[in-house]
Amino acid sequence: MDTSPSSSPPASPSSSAPTDVVRAVEDLSTTLRVTTEEVEVVSTEEVTWRDGSRGCAKPGQMYTQALVDGLRITLRVAGQTYEYHSGGSQPPAPCDEPTE
């Protein structure tokens, strides 16, 4: 019987990250034409958006007036940060000009 301590390999980011974070990383890597390994997840924050714009309202657009649970995902590539917002049934989307 082996009594030595066992250790499991560290989990890869994709196996432990929420699906929306993985989607955001994949989207940004495709947009910037870099590998997913070059995309750093800076932070993820659970939020309740105040409407269907998910904190990224665009002028002239109408949004559902209901609270939407989601994530604010901050990513970094080569020193530049990018923000993605997720929530509801929509996939995470880049938000260049957050309104909340």
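This report walks through the nonpolar core, one pocket and the salt bridges of the structure above, which is a predicted model.

**The core**

Let us begin inside the protein. The largest nonpolar core has 10 residues: V21, A24, V25, L28, V39, L71, I73, L75, V77 and Y84. Two elements give two or more residues each to this core, namely helix 2, which covers 19–32, and strand 2, which covers 68–77.

A24 is a good place to look at how these parts meet. This alanine sits in helix 2, and its relative accessible area is 0%, so A24 counts as buried. Setting aside neighbours within four places in sequence, A24 is in contact with I73, L75, Y84 and P92. One of these partners, L75, is 51 residues from A24 in sequence, yet the two C-alpha atoms are 8.4 Å apart in space.

I73 gives a second view of the core. Not counting residues up to four places away in sequence, I73 touches D20, V21, A24, S43, T44, Y82, E83, Y84 and P92. Among these, V21, A24 and Y84 are listed with I73 as members of the core.

**The second largest pocket**

Now to a pocket. The second largest one has a volume of about 150 Å³. Its lining counts 15 residues, and those closest to the pocket centre are G52, S53, R54, C56 and A93. Strand 3 (80–87) and strand 4 (90–94) are the elements that give two or more residues to this lining. Strand 4 supplies the largest share, with three residues. Sorted by class, the lining holds six nonpolar, seven polar and two charged residues.

**Salt bridges**

Side chains of opposite charge can pair when their charged atoms come close. Across the whole structure, a search finds five salt bridges. The table sets out three of them.

| Pair | Closest N to O distance |
|---|---|
| R23 and D20 | 3.9 Å |
| R76 and E40 | 3.3 Å |
| R72 and E83 | 3.5 Å |

The R23 and D20 pair stays within one element: both residues lie in helix 2, three residues apart, or about one turn of the helix. R23 is partly exposed, at 42% relative accessible area.

What does the pair of R76 and E40 tie together? R76 belongs to strand 2 and E40 to strand 1 (residues 40–49), so this salt bridge joins parts that are 36 residues apart in sequence. Both ends are partly exposed, with a relative accessibility of 29% for R76 and 40% for E40.

The R72 and E83 salt bridge, with its closest N and O atoms 3.5 Å apart, also links distant parts of the chain: R72 is in strand 2 and E83 in strand 3, 11 residues apart. Is R72 buried or exposed? R72 has a relative accessible area of 16%, and because buried means under 20%, it counts as buried. Its partner E83 has a value of 21% and is therefore partly exposed. The pairing extends to another residue too, as E45, R72 and E83 are linked in a network of salt bridges.

**Bringing the parts together**

Strand 2 turns up in several of these places. It gives two or more residues to the core, and it holds R76 of the bridge to E40 and R72 of the bridge to E83. Helix 2 likewise gives two or more residues to the core and carries the R23 and D20 pair. E83, for its part, is touched by I73 and belongs to the network with E45 and R72.

How values were computed. Residues are numbered from 1 along each chain as its sequence is written. This is a predicted model: local features need pLDDT of at least 70, side-chain atom pairs count only at pLDDT 80 or more; totals for chains, interfaces and linings use all residues. Side-chain values use heavy atoms; hydrogens and water are left out. A nonpolar core is a set of buried Ala, Val, Leu, Ile, Met, Phe, Trp, Tyr and Cys residues joined through side-chain atoms within 4.5 Å. Buried means under 20% relative accessible area, exposed over 50%, partly exposed in between (1.4 Å probe, protein chains only). Helices (H or I, at least four residues) and strands (E, at least two) are DSSP runs, numbered from the N terminus. Contact means heavy atoms within 4.5 Å. On a 1 Å grid over the protein atoms alone, a cavity is a set of points where a 1.4 Å probe fits but cannot get out, and a pocket is an open set with protein on both sides within 12 Å along at least five of seven lines; lining residues have an atom within 4 Å of a point. Grid points are joined across faces, edges and corners, and a volume is the space filled by probe spheres set on the points. Ala, Val, Leu, Ile, Met, Phe, Trp, Tyr, Cys and Pro count as nonpolar, Asp, Glu, Lys and Arg as charged, and the others, Gly among them, as polar. A salt bridge is a side-chain nitrogen of Lys or Arg within 4 Å of a carboxyl oxygen of Asp or Glu.
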